[in-house]
Amino acid sequence: MFDGAIERQQLLTYLNQLLQNRHIRDYCPNGLQVEGRDRIRHIVTGVTANQALIDEAIALGADTLLVHHGYFWKGENACITGIKRERLKALLAHDINLLAYHLPLDIHPELGNNTQLADILELTITGPIDPLDTATPGLIGHLPKPMTASEFSQWIGECLDRTPLHIGEDEDIIETVAWCTGGAEGYLQLAIDAGVDAYITGEINEPAVHLARETGTHFYSAGHHATERYGVLALGQQLEAELGIKVTFIDIDNPV
């Protein structure tokens with residue numbers, strides 16, 4: 001236990017060992033993205049490092065922001081202009097560290113978004129969504145009890161506080177399910193190959209509607225943000241319990 005404060009490098013070492021980010025290929029840098037104060041006493045966690053979350057961290061006097069969606073994504077414009085400039089300016093002006101963990105926080109077997117979503121929906125995990133590549137985020141399993149597709153939609157809405165978009169016949173019975181949080185509509189074929197009744201992810205696109213209809217696989221688009229709140233929340237709770245640092249989770253609503 002710590003006395004309510006920790007050196008930044010100690011925190012990074014702990015997180016990097018816990019999340020094994022150096023062994024995971026990703027679309028962005030994981031770990032420290034913006035350097036702030038050396039000594040950390042108060043961490044604010046959230047899904048995305050948007051301006052509203054930064055402003056909340058500043059108002060609380062936090063010295064570190066820990067998120068799932070940070071900055072510097074592969075293929076984006078590298079110039080520090082516009083919104084990116086304003087966000088970085090605010091972080092630097094207030095000496096706030098920005099830590100971000102993307103895929104490492106999706107696939108962690110205990111704290112990861114997919115495992116945490118299973119806990120929220122009371123799903124039993126039986127394996128990975130892609131048995132040929134266990135590094136692929138996503139899991140398969142079954143419901144706590146069989147439900148009609150309409151009942152399952154209602155259950156998802158109650159658990160996530162967001163009504164999902166459902167593709168499929170309402171009276172069909174759902175027992176087995178695959179899921180991958182965030183924008184993983186492209187993994188629908190993996191769910192089909194697994195032979196499950198339904199697939200849950202955060203977003204949906206036009207081709208996925210037809211693929212779901214034509215294969216009879218139910219598709220639930222439950223919200224990118226809504227499905228990815230729980231990994232960073234669980235991570236923050238572990239940091240507070242294990243390291244004795246103050247951690248505040250702030251949920252900036254996003255309907256997508």
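These legends walk you through close-up views of one predicted protein model. Residues are numbered from 1 along each chain as its sequence is written, and side-chain values use heavy atoms, with hydrogens and water left out. Because the model is predicted, local features need pLDDT of at least 70 and side-chain atom pairs count only at pLDDT 80 or more, while totals for chains, interfaces and linings use all residues.

**View 1. The whole chain, with its 10 helices and 13 strands**. Helices (H or I, at least four residues) and strands (E, at least two) are DSSP runs, numbered from the N terminus. The radius of gyration, taken over C-alpha atoms, is 19 Å. The globule rule (2.2 Å times the number of residues to the power 0.38) gives 18 Å for 256 residues, so the chain is as compact as a globular protein of that length. Along its principal axes, the C-alpha trace spans about 55 × 40 × 35 Å. Buried residues (under 20% relative accessible area, using a 1.4 Å probe and protein chains only) make up 50% of the 256 residues.

**View 2. The largest pocket, with a volume of about 440 Å³**. A pocket is an open set of points on a 1 Å grid over the protein atoms alone, where a 1.4 Å probe fits, with protein on both sides within 12 Å along at least five of seven lines; lining residues have an atom within 4 Å of a point. Its volume is the space filled by probe spheres set on the points, which are joined across faces, edges and corners. Look for His 69, Trp 73, His 102, His 224 and Glu 228, which lie nearest the centre among the 27 lining residues. β5 (64-69), α3 (82-93) and α4 (103-107) each supply at least two lining residues, and α3 gives the largest share, with 3.

**View 3. The second largest pocket, at about 280 Å³**. Its lining includes His 23, Arg 25, Tyr 27, Asp 133 and Tyr 187. Leu 103 and Ile 107 also belong to this lining.

**View 4. Cysteines without a partner**. A disulfide is a covalent bond between the sulfur atoms of two cysteines. Counting pairs of cysteine sulfur atoms within 2.5 Å gives 0 disulfides here. For Cys 79, the nearest cysteine sulfur, that of Cys 28, is 19 Å away. Cys 79 is partly exposed (between the 20% and 50% limits), with a relative accessible area of 46%. What keeps Cys 159 from a bond? The closest cysteine sulfur, in Cys 180, is 18 Å from its own, too far for a bond.
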